[in-house]
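This report is meant to be read with the sequence and the coordinates open side by side. It moves from single residues to a pair of helices and then to a pocket.

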Amino acid sequence: MESNIYLIMIIALAVLAIADLVVGVSNDAVNFLNSAIGSKAISFKTIMIVASIGIACGAIFSSGMMEVARKGIFNPGEFYFNEIMFIFMAVMITDILLLDFFNTLGMPTSTTVSIVFELLGAAVAMALIKIGAGGGSFSDVMNYINTSKATEIILGILLSVVVAFSIGAMVQWISRLLLSYDFQKKAKWVGALFGGAALSAITYFIFMKGIKGTALASQSFDVIGGVTIKDFLETQWMGIVLVNFALWSIISYVLTVFVKINIYKLIIGVGTFALALAFAGNDLVNFIGVPIAAYQSYTEWVGSGVDATKFSMNILSKEVPTPTLLLFISGMIMVTTLWFSKKARYVAETEINLSREGEGKERFEPNFLSRGIVRIAMATSKYTATILPKSISDKIEAKFEKPAVSLAKDKTFEMPAFDMVRAAVNLMVAGILISIATSYKLPLSTTYVTFMVAMGTSLADRAWGAESAVYRVAGVLNVIGGWFGTAIIAFTAAGIILTLINFGTGAAIAILLFVAVLLLARNYISYNKKSKEIKAEDSLRRAESSSIQGVILESAKNTSNVVKRANKTYTNAIDGLAKQNLDILKKNKKGVVALSNEIDDLRNHLFYFIKNLDDASVGASDFYINILGYLQDMTQSLEYITKISYKHINNNHKKLKYNQIKELKEIDYKLEHILNKTYDAFDSRSFEKIGSILNEKDELFEMLSQKIQKQVERTRTEESSPKNTTLYFSLLLETKDLMSATMNMLELYYKEHDSSVPPATISE
């Protein structure tokens, strides 16, 4: 019976391992995809194929890293089999929930930090339980934890943030100084030397990583002095790299001059493969290391015949090779997830957004810390400029001068986030750092390294301009804050779950697994629903036309969408007040904020829209600006209506009187009638219908005036609630402003359409 419980736990851990692989790849795909996707150097399909091959190879060669889960954090000999199984179960349940939570937020977190602190938290909790039961002291905890290795791992992870950022910034600054932004026009030998340096560094670590994961690494040959291949690679690395550099420089030159291959695209392709290889080799332990250690522990315990509470886990202190079949299966699951995971692409967007060139929609809001850092950086930059001689300063500035891009045909928001030089440096530096850590069996955080390298190269490349720096720095601080949050949450949650499992055993495990499945399902359904809403919702599109007629037609789609959403929002606000339904009003508020943000995005795009106009169609800018102004006025009125409605119900004020609700519904019906007609006119591009809508303008405003007058009379005779009176008047006045903005917008469309088409096509 006892063995059946542990067998069920092994099966549960195997299922959790598969689920963890899925959520883990969704989180970590950003590490090796962002540079290739952001630079748009090669097609998305090619990127995915190259990354898939890299993951498959890396997974097969990652056996040695599994030691971290067995003995890297705690001393296994201090625990018995049942205790180890409880630790492993607590770690896996915590890990999958934590990673899925961050994926749903679209925030890249570290799977390495997660697993390290979960193992630490669960092991400490179990140690404290054992010490408490045996009457020991708190200091005895150190006997259970592999303090030297755990400290080495944690320091390595933390140092990787500083090292990756610094080296990324330095290498990018030197690369840009040598190549400038006109790197394609440089002499062929310059690109060949850069290709030689990048490819030799990348391929050396691909070769080293691949060899060290196979049995061939321990083979010795007379031709290399009788030492093993592993030792030869480590001791003679300088000579190997120099020969590699010379060879790849020649190959790069031949490919560039004679085969006409873009060497930067080749670097990005090879770099993506290398980073995917390093990711799988370094991070696979984070997903399956614990279940494999649990399985190996189980097989040893079953063969021993000793009671689970007395079987010491010294076996985990020995090096046990991981079956290649398990590694292969894991690799295939990772590759499949990479192709089908939508969350992976959502997480990638966060990093690309923070490192891209130029302006655009910023995801993060600035805070006092980001503003302070930017001010200090700007002051330092000014001081540095005064120290350098002007001639040197001018030469450096010339290298960082970005080429002018024609906006007439190329849509700025479809341009690459950064150029191929930066993408190549991102991949080269990150790949080298991760591979070095892997060669020393140090589970460096691939997320920390790749993210901080990308941020360092962005800073050195001056991608963070005066108009975007505070937003980007705030984003970096948010992500780093999330990393520290990961460590604290992982440690605490694993400790709590371990305690529950220890005292509740089988029942606690069953309940926790059920809760985990429910939470994962809930997150999956919630994310899918959100994705569908984003696609199905009437999202706004930027104007791209360069003529007045084109702008009228393009902006009509936005207008119909705003009108449709405004109609729904207003009705929900009145219904929420009538039913005193706080949920409806809360969702309504979120919907209006989303609409307001979309209109702000359109206004932020005005610069590019005006640049894109033909000389003969500059008048279109005046029309478009006014339309955006009216749409913003409409949204501001809706924001105010939803805010005061929510506040009134949320503060538990008196319900509006029956007559007030009745009058508001009368206005809502009339408004719905007008907005439906407006939506139909714009959705079908039948602008001639606007005339009949405008004819109802006076009738609506007269209705609003009558309702205001009635409320004045009620206030003087029967109204007893100041809050109700304030709310009602505010709703009526804001509705009036909403309709004023709508009618002004309709009049502008009618006027412009009337003057831009032949009279014969207009009918009243």
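Leaving aside its neighbours within four places in sequence, with which residues is Asn 82 in contact? In this model, which is predicted, Asn 82 is in contact with Tyr 6, Ala 308 and Thr 309 once those neighbours are set aside. Asn 82 belongs to helix α4, which covers residues 81-105, and with a relative accessible area of 12% the residue is buried, because buried is the class for values under 20%. Its C-alpha atom is separated by 9.7 Å from that of Tyr 298, although the two residues are 216 positions apart along the chain.

**The protein as a whole**

The secondary structure of the protein comes to 26 helices and zero strands. The protein has 764 residues, of which 52% count as buried. Among contacts with a separation of 6 or more, 85% are accounted for by residues 24 or more positions apart.

**Three loop residues**

The following table sets out the accessibility of three residues that lie in loops.

| Residue | Loop | Relative accessibility | Class |
|---|---|---|---|
| Leu 656 | between α22 and α23 | 5% | buried |
| Gln 580 | between α19 and α20 | 37% | partly exposed |
| Asn 652 | between α22 and α23 | 69% | exposed |

Leu 656 counts as buried because its relative accessibility is 5%. Not counting residues up to four places away in sequence, Leu 656 touches Leu 577, Ile 661, Leu 664, Asn 724 and Leu 727. One of these partners, Leu 577, is 79 residues apart from Leu 656 in sequence, yet the two are 7.5 Å apart in space when taken from C-alpha to C-alpha.

Gln 580 sits in the loop between α19 (548-579) and α20 (582-604), and at 37% relative accessibility this residue counts as partly exposed. Apart from neighbours within four places in sequence, Gln 580 is in contact with Ile 649, His 653 and Lys 655. The C-alpha atoms of Gln 580 and Ser 645 are separated by 9.4 Å, with their positions 65 residues apart along the chain. The backbone deserves a look here as well, since Gln 580 has a positive phi of about 50° although it is not a glycine. Asn 652, in the loop between α22 and α23, likewise has a positive phi, near 60°, in a residue other than glycine.

**Helices α23 and α25**

How are α23 and α25 set against each other, at what angle and how far apart are their axes? Helix α23 (residues 658-683) and helix α25 (residues 697-717) pack at an angle of about 170°, and their axes are 11 Å apart. Because an angle over 145 degrees counts as roughly antiparallel, α23 is described as roughly antiparallel to α25. On the α23 side, the contact is made by Asn 659, Gln 660, Glu 663, Glu 666, Ile 667, Lys 670, Leu 671 and Ile 674, while α25 brings Glu 699, Leu 700, Met 703, Leu 704, Lys 707, Lys 710, Gln 711 and Arg 714. By class, this contact has six nonpolar, three polar and seven charged residues.

**The second largest pocket**

The second largest pocket holds about 1,200 Å³ of space. It is lined by 31 residues, and those closest to its centre are Ala 377, Met 378, Ser 381, Leu 459 and Arg 462. Five helices, namely α7 (147-179), α14 (368-387), α15 (390-399), α17 (446-460) and α18 (469-536), each supply at least two residues of the lining.

Which helix gives the most to the lining of this pocket? That helix is α14, with eight residues. By class, the lining divides into 22 nonpolar, six polar and three charged residues.

Definitions and conventions. Residues numbered from 1 in each chain as written. Predicted model: local features only at pLDDT ≥ 70, side-chain atom pairs only at ≥ 80, totals over all residues. Heavy atoms only, no water. Axes fitted to C-alpha atoms, helices over the stretch in contact; angles between N-to-C directions. Helix = DSSP H or I, 4+ residues; strand = E, 2+ residues; numbered from the N terminus. Parallel < 35°, antiparallel > 145°, perpendicular 65-115°, else oblique. Contact = heavy atoms within 4.5 Å. Nonpolar A, V, L, I, M, F, W, Y, C, P; charged D, E, K, R; others polar. Buried < 20%, exposed > 50% of the residue type's maximum accessible area, 1.4 Å probe, protein only. 1 Å grid on protein atoms, 1.4 Å probe; cavity = no way out; pocket = protein on both sides within 12 Å on 5 of 7 lines; lining within 4 Å. Points joined across faces, edges and corners; volume = space filled by probe spheres on them.
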